[in-house]
Amino acid sequence: MMQSELPAPVYRKDYKEYDYHLESIFLDFDLHEKLTRVTARSRYQRTGDSAAPLLLFGEELELTRIVLNGRELEEGEFSVDKTSLAISDVPDDFILEVETIIYPDQNSSLEGLYRSSNNYCTQCEAEGFRKITYHPDRPDVLAKFTTRIESDLERCPVMLANGNLIESGQLDNGRHFAVWEDPFPKPSYLFALVAGRLVCIKDTYVTGSGRTVDLGIFVEERNRDKCGHAMTSLIKAMRWDEEVYGLEYDLDNFMIVAVDDFNMGAMENKGLNIFNSKYVLTSPESATDADYLGVEGVVGHEYFHNWTGNRVTCRDWFQLSLKEGLTVFRDQEFSSDMNSRPVKRIEDVRILKNGQFREDSGPMAHPVRPDSFVEINNFYTATVYNKGAEVIRMIHSLVGPQRFRAGMDLYFARHDGKAVTCDDFVAAMSDASGVDLDQFKLWYSQAGTPVLEVETEWNSASSKYRVDIRQTCPKTPGQPVKKPFHMPIKIGLINREGRSLLSSEHADGSMTLELRESSQSFVFDHIEEQPVLSFLRDFSAPVRVEKFQSRKELAFLGSCDPNLFNRWDSINRLGCEVILEVTESMIKGNTPVIDELFLQSLAQSLEAPIGDKALFALSLQLPAETTLAQEMAQVHPEQLHLAKRYVMKTIGAKNRECFMRLYEKNSEPHQDHAITPEAMGKRSLRNVCLAYLMSPDPLERDMLKLCEDHYFQARNMTDAIAAFSHLVDVGGQAAEKVIDDFYRRWSKDPLVLDKWFSLQAMSRSEGTLDRVKSLLGHAAFSIKNPNKVRALIATFAGLNHYRFHRPDGSGYRFLGDRILELNGINPQIAARLLQPLIGWRRYEPVLKEKMKGELERVAAQKELSRDVFEIVSKSLA
Ligand code: PHE
Ligand code: ZN
């Protein structure tokens with residue numbers, strides 16, 4: 001919807017119950033080549049104010065007929081505008097039949113009913129159902145759905161909707177029909193319909209109570225052999241939810257459909273999940289280890305929504321984190337249990353720091369439970385999802401695992417079948433555990449990342465050790481002052497030999513402190529020797545910690561902290577400090593010096609015996625430029641990039657033999673492709689070594705050869721793209737050769753081509769922007785496909801920090817053009833592309849002005865979608 005006037009925000013405080021109860025809805029879809037006729041028959045009963053008109057939402061609908069209790073309404077008996085339908089004189093109990101025509105082929109927003117590779121599918125969250133028919137379309141209006149679909153048998157042999165198939169058959173003229181009934185009342189955002197040419201991969205699952213559930217994954221014929229991992233993941237998720245939460249699946253069938261055109265990762269529609277094919281399809285040759293883990297995580301996530309989201313849903317969209325934060329927490333725990341817990345935690349914290357901390361420190365900062373929005377699609381954010389999951393994780397830490405489970409049980413006992421709020425969730429947790437969570441609730445209402453300052457003192461005479469913690473929270477839009485948060489701080493104290501000094505029930509000697517005040521001291525008795533503090537273990541609260549430890553202490557913790565997360569975190573902090581120091585000297589034009597202690601401890605770790613390879617590989621990876629940039633008072637992308645490369649190549653050169661030895665030791669040319677933590681760890685360690693071996697400038701000939709062999713002999717996608725990315729960076733002949741080869745091999749596989757686009761967009765070579773521009777015209781690229789937009793445009797602008805922030809501003813102009821182009825095609829995706837420009841205030845003056853200028857150019861366009869309008873205007877405010 002294009003806006004000419006400024007769109008007004010909606011406020012959480014204005015929530016009012018709907019005036020009608022919608023008991024049931026019967027939907028009839030008549031699918032034709034050019035258009036679809038939708039008939040919706042609903043029974044409404046008045047529950048509120050007797051004067052309240054019936055108000056329904058609808059967008060881009062062609063209204064053909066309204067029948068109330070059997071009588072067709074005439075003009076004047078109702079009013080319609082671009083977004084709604086109102087009928088003022090309705091009885092207390094009535095049946096309304098509305099007939100509309102929609103055009104799925106012309107729907108490029110990928111909301112409502114649309115076509116992807118010629119198949120029909122729907123996406124209704126958050127407010128897409130109103131693009132199908134006139135309806136209250138709010139999550140607190142729950143109804144029983146029955147769906148009849150009629151289509152051409154030849155074009156759409158498969159027709160699916162939520163629930164159970166209760167009837168189907170052939171009709172005249174080569175048409176057929178199917179009727180699906182969902183016994184569970186649900187909000188409209190969980191409705192789904194799919195029709196097209198699909199094959200079904202089948203399996204079954206027997207629940208704890210002995211019911212057999214039919215599982216089906218529907219894909220296009222060409223992808224038939226790529227569903228095994230998704231199916232295994234689904235079965236694992238079903239088992240896990242029974243074991244950990246006692247939650248069984250509730251229908252007799254569970255279906256997943258993979259589509260290539262999808263705005264997000266996947267959608268938890270009741271009994272009929274619709275997925276971006278990226279999170280379903282895998283094969284060892286075409287998917288990386290990260291892809292395999294991504295499929296497992298997202299399949300788990302959507303499945304877990306069946307209870308956290310579907311059985312208990314949200315009262316209004318301000319409560320989005322009620323289902324998303326909780327379900328992300330559940331999927332993170334599932335993945336931790338299936339793979340490596342510390343590795344998963346490190347990855348999740350990296351995502352949080354890179355995405356959410358950035359959001360929280362900029363003009364789009366908002367609470368986990370926002371107070372207002374212009375367009376709800378803009379609030380599917382790292383804050384609602386990832387910080388929301390951290391908030392749940394903190395409750396888990398504060399009440400402990402058993403009482404957390406009791407809280408979940410109480411939550412379902414109280415609210416099954418209802419639409420509720422974040423407050424209801426916290427109340428269940430606090431009632432079941434007896435833990436007071438009143439102050440804790442500030443995490444839902446206050447935005448911004450708290451900052452902790454730590455001071456420690458050991459008194460040898462009294463054997464006391466004191467930890468002083470001060471918390472503050474920076475101001476965020478609309479919230480100039482904050483109250484102190486209640487948070488769990490997990491710590492350990494270790495001595496010079498790396499032994500734990502606290503008596504604790506945990507293997508790593510941890511204990512959890514509860515911080516509630518703006519300043520608080522914690523005193524430990526009987527500490528007979530000077531300890532080293534291992535602070536905020538496992539990242540027990542989503543906060544920034546100001547530097548308080550010496551590099552020596554960090555290096556020490558990095559080598560022997562019994563808490564594996566903090567071992568990584570200490571090395572990572574050290575790496576951050578060192579790169580930022582080099583950056584500073586480059587900005588000042590001084591000769592950069594790399595801290596000897598850092599280089600030495602890294603060299604030592606390479607010589608020491610390696611425990612977990614995946615963890616070791618993570619500790620060798622230097623922080624991303626986008627993460628480092630957040631630590632700079634004023635960001636200088638070029639110097640930052642050069643500094644990181646300088647540190648990298650210094651490490652590479654000094655430890656060449658070591659990296660070579662580790663590289664060879666971890667080569668396994670004949671291995672089977674196992675997706676186990678061990679096998680993945682080995683691959684990531686070998687690929688990190690390759691990165692260091694490829695870091696010297698100029699590059700040695702035999703290293704180039706090594707990397708080319710790595711690429712050409714790779715037996716899996718993880719290894720292939722590791723080498724491919726370095727060769728693309730090398731540029732020239734070496735790059736062109738593999739770019740062509742990769743394309744020729746994979747030209748028929750859209751998901752692999754996404755990798756081909758993004759690796760070129762990530763290249764640090766000078767000509768990257770030109771290449772990205774010319775790839776827009778490539779036959780395999782389409783601006784209408786979100787995966788392609790993300791692969792090429794969002795990767796370049798969001799992840800290639802150095803080349804996007806070109807001093808001439810041409811990167812910004814390129815992005816602005818694409819945003820304006822997408823504004824009319826897919827507003828949701830257009831708005832997300834603004835992200836790399838939002839933090840403009842923190843860049844060096846020349847870049848800052850150009851970033852701002854680009855935002856202003858976008859803002860000045862007429863016909864901006866609400867999505868884009870909201871983000872640009874807030875960014876410039
Ligand atoms: N609810 C989906 C999920 O997190 C995300 C989504 C939102 C998908 C909006 C599509 C549209 O699982
Ligand atoms: Zn979700």
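Me: Helices are DSSP runs of H or I with at least four residues and strands are DSSP runs of E with at least two, both numbered from the N terminus; how many of each does the protein chain have?

Reply: The protein chain has 28 helices and 31 strands. This is a predicted model, in which local features need pLDDT of at least 70 and side-chain atom pairs count only at pLDDT 80 or more, while totals for chains, interfaces and linings use all residues. Residues are numbered from 1 along each chain as its sequence is written, and chains are lettered from A and ligands numbered from 1 in the order in which they are written.

Me: What makes the radius of gyration of the protein chain agree with that of a compact globule?

Reply: The radius is taken over C-alpha atoms, and the globule rule is 2.2 Å times the number of residues to the power 0.38. For 877 residues a compact globule would come out near 29 Å, and the protein chain has 28 Å, so the two agree. Along the principal axes, the C-alpha atoms fill a box of roughly 85 × 65 × 60 Å.

Me: Why does Asn118 count as exposed, and why does Asp137 count as buried?

Reply: A residue is buried if 20 or more other C-beta atoms lie within 10 Å of its own, exposed if 12 or fewer, and partly exposed in between, with C-beta atoms placed from the backbone. Asn118 has 11 C-beta neighbours inside 10 Å and therefore counts as exposed, whereas Asp137 has 23 and therefore counts as buried. Asn118 is in the loop between strand 10 (112–116) and strand 11, and Asp137 is in the loop between strand 11 and strand 12. Each is a residue other than glycine with a positive phi, near 75 degrees for Asn118 and near 45 degrees for Asp137. Over the whole protein chain, buried residues make up 48% of the 877.

Me: What omega values do the cis peptide bonds from Glu125 to Ala126 and from Asp697 to Pro698 have?

Reply: Omega is near -5 degrees for the bond from Glu125 to Ala126, and near 0 degrees for the bond from Asp697 to Pro698. Ala126 is found in the loop between strand 11 (119–123) and strand 12 (143–152), and Pro698 in the loop between helix 16 (677–693) and helix 17 (701–712).

Me: Which residues surround ligand 1?

Reply: A residue is taken as near a molecule if its C-beta atom, placed from the backbone, lies within 6 Å of it. The residues around ligand 1 include Gln123, Glu125, His301, Glu302, Glu324 and Tyr380. Strand 20 (266–267) and helix 2 (289–304) each supply at least two residues of this shell. By class, the shell has 4 nonpolar, 3 polar and 4 charged residues, where Ala, Val, Leu, Ile, Met, Phe, Trp, Tyr, Cys and Pro count as nonpolar, Asp, Glu, Lys and Arg as charged, and the others, Gly among them, as polar.

Me: What is the order of the 8 strands that form an open sheet, and which are the edge strands?

Reply: Two strands pair if DSSP finds at least two bridges between them. The order is 6-5-9-3-2-12-15-14, with mixed pairing. Strand 6 (71–72) and strand 14 (164–170) are the edge strands, since each pairs on one side only. Strand 3 (residues 36–46) and strand 9 (residues 93–102) pair in the antiparallel sense over 10 bridges, and Val38 has Thr100 in strand 9 as its bridge partner.
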